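Subject: Handing over a structure

Hi,

Here is the structure I promised to pass on. Please open it alongside this email, and then read on for what turned up in it.

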Amino acid sequence: MNIFLLTDRYAKKLADVIPEAVLQLAARVSMFMVFWFSAQTKLAGSEVLGQKWMFWNLSSSTFALFEYDYAIPLLPPVIAAYLATISEFFFSLFILCGLLTRLSALALLIITLVIQIFVYPSSWPQHLLWGTALLYLLSAGAGAVSVDRLIGR
């Protein structure tokens, strides 16, 4: 038997024992980490449990980035800074909890596309990975371990 077919068969058997809920949870946690840590870099103020929770308190460097480095069209830099930071803050928390997962995945996918097109066009391999996980969550939903499941969504 061909070694590639044999390897493929055993890889499929291994994949079949991984519950879908584990994959959904892994996708949610990974997307939470990407966008939560991005939001954390934009916030100022004190920390609680090692994290910044004052989503309305943006650092001066955040405003400078949006004014001078990021070329987001149609939005004034201050509005773009608040919109991006608050979206990353809340939608990443929603993704982690599995609350409004499809909406959150769509919002974070839009943020990823904006970053790809207007901010870091050369970072497409990284954004492709994010987009894949977000499209999976958009398609599959939050899974069994989620608030969405608890409330019957």
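Below is a walk through the findings, from the overall fold down to single residues.

One thing to keep in mind throughout is that this is a predicted model.

**The fold as a whole**

The protein chain has seven helices and two strands. Going along the sequence, their order is α-α-β-β-α-α-α-α-α. The C-alpha trace spans about 60 × 40 × 30 Å along its principal axes. Of the 153 residues in the chain, 35% are buried. If you take the contacts between residues at least 6 apart in sequence, 59% of them join residues at least 24 apart. The exposed area of the chain is about 9,300 Å², and 72% of it comes from carbon and sulfur atoms.

For a sense of distance, take Ile3, which sits in helix 1 and is exposed at 54% relative accessible area. Its C-alpha is 39 Å from that of Ala105, with the two positions 102 residues apart in sequence.

**Aromatic residues**

How many aromatic pairs does the count come to? The answer is 14. Phe90 and Phe94 make a tilted pair, because their ring centres are 6.4 Å apart and their planes meet at 50°. That angle falls between the limits of under 30 degrees for stacked and over 60 for edge-to-face. Both residues belong to helix 4 (residues 77–97), where being four residues apart separates them by about one helical turn. Phe90 is partly exposed, with a relative accessibility of 28%, and Phe94 is also partly exposed, at 24%.

These two phenylalanines are part of one aromatic cluster, which also takes in Phe32, Trp36, Trp53, Phe55, Trp56, Phe89 and Phe91.

**A nonpolar patch on the surface**

Next, have a look at Leu25, Val29, Met33, Phe37, Leu96 and Val145, which make a nonpolar surface patch of about 460 Å². Helix 2 (residues 20–42) is the main contributor, giving four residues to the patch. Val145 lies in the loop between helix 6 (124–140) and helix 7 (147–150).

**Charged side chains**

Searching the whole structure gives two salt bridges. One joins Asp16 and Lys12, with N and O 2.6 Å apart. These residues are four apart in helix 1 (residues 3–16), so about one helical turn separates them.

The other is between Lys42 and Glu88, whose closest N and O atoms are 3.0 Å apart. Because Lys42 is in helix 2 and Glu88 is in helix 4, this pair ties together parts that are 46 residues apart in sequence. Lys42 and Glu88 are both buried.

Arg28 is worth a look of its own. Which side chain of opposite charge is nearest to this buried arginine? That is Asp148, at 7.3 Å, and Arg28 has no salt bridge. The cut-off for a salt bridge is 4 Å, so a separation of 7.3 Å does not qualify. Arg28 is located in helix 2. Setting aside neighbours within four places in sequence, its contacts are Ile95, Leu96, Cys97, Gly98, Thr101, Leu137, Ala142, Val145 and Ser146. Leu96 and Val145, both in that list, are also members of the nonpolar patch.

**Two backbone angles to check**

Most residues other than glycine have a negative phi. Where, then, does a positive phi turn up?

Leu49 has one, of about 60°, although it is not a glycine. This leucine is in the loop between strand 1 (47–48) and strand 2 (51–52). With a relative accessible area of 80%, Leu49 is exposed.

Leu100 also has a positive phi, near 50°. Its place is in the loop between helix 4 and helix 5 (101–119). Leu100 is partly exposed, at a relative accessible area of 28%.

That is everything from my side, so over to you.

Best wishes

How values were computed: Residues are numbered from 1 along each chain as its sequence is written. This is a predicted model: local features need pLDDT of at least 70, side-chain atom pairs count only at pLDDT 80 or more; totals for chains, interfaces and linings use all residues. Side-chain values use heavy atoms; hydrogens and water are left out. Rings of Phe, Tyr and Trp (its six-membered ring) pair if their centres lie within 6.5 Å; planes under 30 degrees apart count as stacked, over 60 as edge-to-face and the rest as tilted. Buried means under 20% relative accessible area, exposed over 50%, partly exposed in between (1.4 Å probe, protein chains only). Patches are made of residues with over 30% relative accessible area and no salt bridge: like charges are joined within 9 Å, nonpolar side chains (Val, Leu, Ile, Met, Phe, Trp, Tyr) within 5 Å. Accessible areas come from the Shrake-Rupley method with a 1.4 Å probe; for residues, only the protein chains shown count as cover. Lys and Arg count as positive and Asp and Glu as negative; His and the chain ends are not counted. Contact means heavy atoms within 4.5 Å.
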